[in-house]
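This report covers one protein chain. It moves from the whole fold to selected strands, helices and loop residues.

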Amino acid sequence: MVGRKVALGRPAGSAKEAGAVRLEASGLSLRHAYGVPALRDVSLRLRAGEIVGVAGVSGNGQSELLEVLSGLRAPAAGRMQLGEHAFSADAWLDPSRARELHLAHVPEDRHAVGLVMNFPAWESAVLGYQGLPKYRRGLSMNHAAMRSATAEMEERFDVRPRSVDLGSSKFSGGNQQKLILAREIGEQPQVLLVGQPTRGVDIGAIEFIHAQLRALRDAGCAVLLVSSELDEILALADRVLVMNAGRITGELAI
């Protein structure tokens, strides 16, 4: 399909020794609006230099776990320690604060959450980071800096076509995903939450995305990976958590 051999398996010697705890959550509980439990007393730790995979049939709390850890939703109960900062259910993390604390999030639904589809690439490429000093000029946004940064992202992550003005909806699914990864990885996060990173992506882009996640882990980032593809979990994860009915029911070191 892509005119060359691709390697999607687990590389030999890919196991790494994990470092300090970057994120620790305990007792996370959450109910859907109609009262059904989505998370039931979930606890986990993410350490520097490891990829933790969350396996299980979709709909067992994985999506809600990502939303809570990224600050998109507050839990009904539970606590979280992110670096030196503690959060409780009544004073939870929000996405802006998460970015300040070097927590990045690649959402499961790139169309609904990851991009604004009628924005040009250069606007989607800075979503959530538009307040950074490098994107400001006094009280105004520095559009030239945003466009320049987007061009660099497209080059580094091989986003095609190389156009900062093309509408976000006009890129293929794989190139949309690369653009989101470039945005989230580009600020060198200490914790990265990734949901379904290769859903609807061609095989060449899958290989590229896997390589980027491994490189980020090797640079010392703590990565939480949610995927419905067990082969993807086994190819990337250093440790696997299994979720069922909103609970973590098992853990396996690979």
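Contact here means heavy atoms within 4.5 Å. With that cut-off, and leaving aside neighbours within four places in sequence, Pro197 is in contact with Gln177, Ile209, Leu213, Leu225, Val226 and Glu232. The model is predicted.

## Overall fold

The secondary structure comes to eight helices and 12 strands. The C-alpha atoms fill a box of roughly 50 × 45 × 35 Å along the principal axes. A compact globule of 254 residues would have a radius of gyration near 18 Å, and the protein agrees because its own value is 18 Å.

Of the 254 residues, 47% count as buried. The protein exposes about 11,900 Å². Carbon and sulfur atoms supply 51% of that area. Take the contacts between residues at least 6 apart in sequence: 67% of them join residues at least 24 apart. The charges number 29 positive and 28 negative, and their mean positions are 1 Å apart.

## Four buried residues

The table lists a helix residue and three loop residues.

| Residue | Place | Relative accessible area |
|---|---|---|
| Arg183 | helix α6 (residues 173-185) | 5% |
| Tyr135 | loop between α4 (121-124) and β7 (136-137) | 2% |
| Pro197 | loop between β9 (191-195) and α7 (203-218) | 0% |
| Thr198 | loop between β9 and α7 | 10% |

Why does Arg183 count as buried? Buried means under 20% relative accessible area, and Arg183 has 5% relative accessibility, so it counts as buried. Not counting residues up to four places away in sequence, Arg183 touches Gly114, Leu115, Ser124, Ala125, Val126, Leu127, Tyr129 and Met153.

Tyr135 is buried too, with a relative accessible area of 2%. Leaving aside neighbours within four places in sequence, its contacts include Val126, Tyr129 and Met153. Those three residues are also among the ones that Arg183 touches. Further contacts of Tyr135 include Gln130, Ser140, Met141, Asn142, Ala145, Met146 and Ala149. Ala20 is elsewhere: Tyr135 and Ala20 are 32 Å apart in space, C-alpha to C-alpha, and 115 residues apart in sequence.

Pro197 and Thr198 both lie in the loop between β9 and α7. Pro197 has a relative accessible area of 0%. Thr198 is buried at 10%. Leaving aside neighbours within four places in sequence, Thr198 is in contact with Ile206, Ile209, His210 and Glu232. Ile209 and Glu232 are also among the contacts of Pro197. Pro197 and Pro133 are 64 residues apart in sequence, and their C-alpha atoms are 29 Å apart.

## Strand β4 and its partners

Which residues form the covered face of strand β4 (residues 77-82)? They are Gly78, Met80 and Leu82. The uncovered face holds Ala77, Arg79 and Gln81.

β4 pairs with two strands described here. Strand β1 (residues 21-31) runs antiparallel to it over five bridges. In that pairing, Ser26 stands opposite Arg79. Strand β5 (residues 85-88) is joined to β4 by four bridges, again antiparallel. There, Gln81 stands opposite Ala86. The hairpin of β4 and β5 has two residues between the strands. In this hairpin, Gly83 takes a positive phi near 65°.

## Hairpin of β11 and β12

Strand β11 (residues 239-244) and β12 run antiparallel, joined by six bridges. Leu241 has Glu251 of β12 as its bridge partner. This hairpin also has two residues between the strands. Ala245 takes a positive phi near 50°.

Is strand β12 (residues 247-253) largely covered or in the open? Zero of its seven residues are buried, so β12 lies largely in the open.

## Helix α1

Helix α1 (residues 62-70) is mostly covered. Seven of its nine residues are buried. They are Gln62, Glu64, Leu65, Leu66, Val68, Leu69 and Ser70. Gly71 follows α1, and its phi is positive, near 90°.

How values were computed: Residues are numbered from 1 along each chain as its sequence is written. This is a predicted model: local features need pLDDT of at least 70, side-chain atom pairs count only at pLDDT 80 or more; totals for chains, interfaces and linings use all residues. Side-chain values use heavy atoms; hydrogens and water are left out. The radius of gyration is taken over C-alpha atoms; the globule rule is 2.2 Å times the number of residues to the power 0.38. Buried means under 20% relative accessible area, exposed over 50%, partly exposed in between (1.4 Å probe, protein chains only). Accessible areas come from the Shrake-Rupley method with a 1.4 Å probe; for residues, only the protein chains shown count as cover. Lys and Arg count as positive and Asp and Glu as negative; His and the chain ends are not counted. The place of a charge is taken as NZ of Lys, CZ of Arg, CG of Asp or CD of Glu. Two strands pair if DSSP finds at least two bridges between them.
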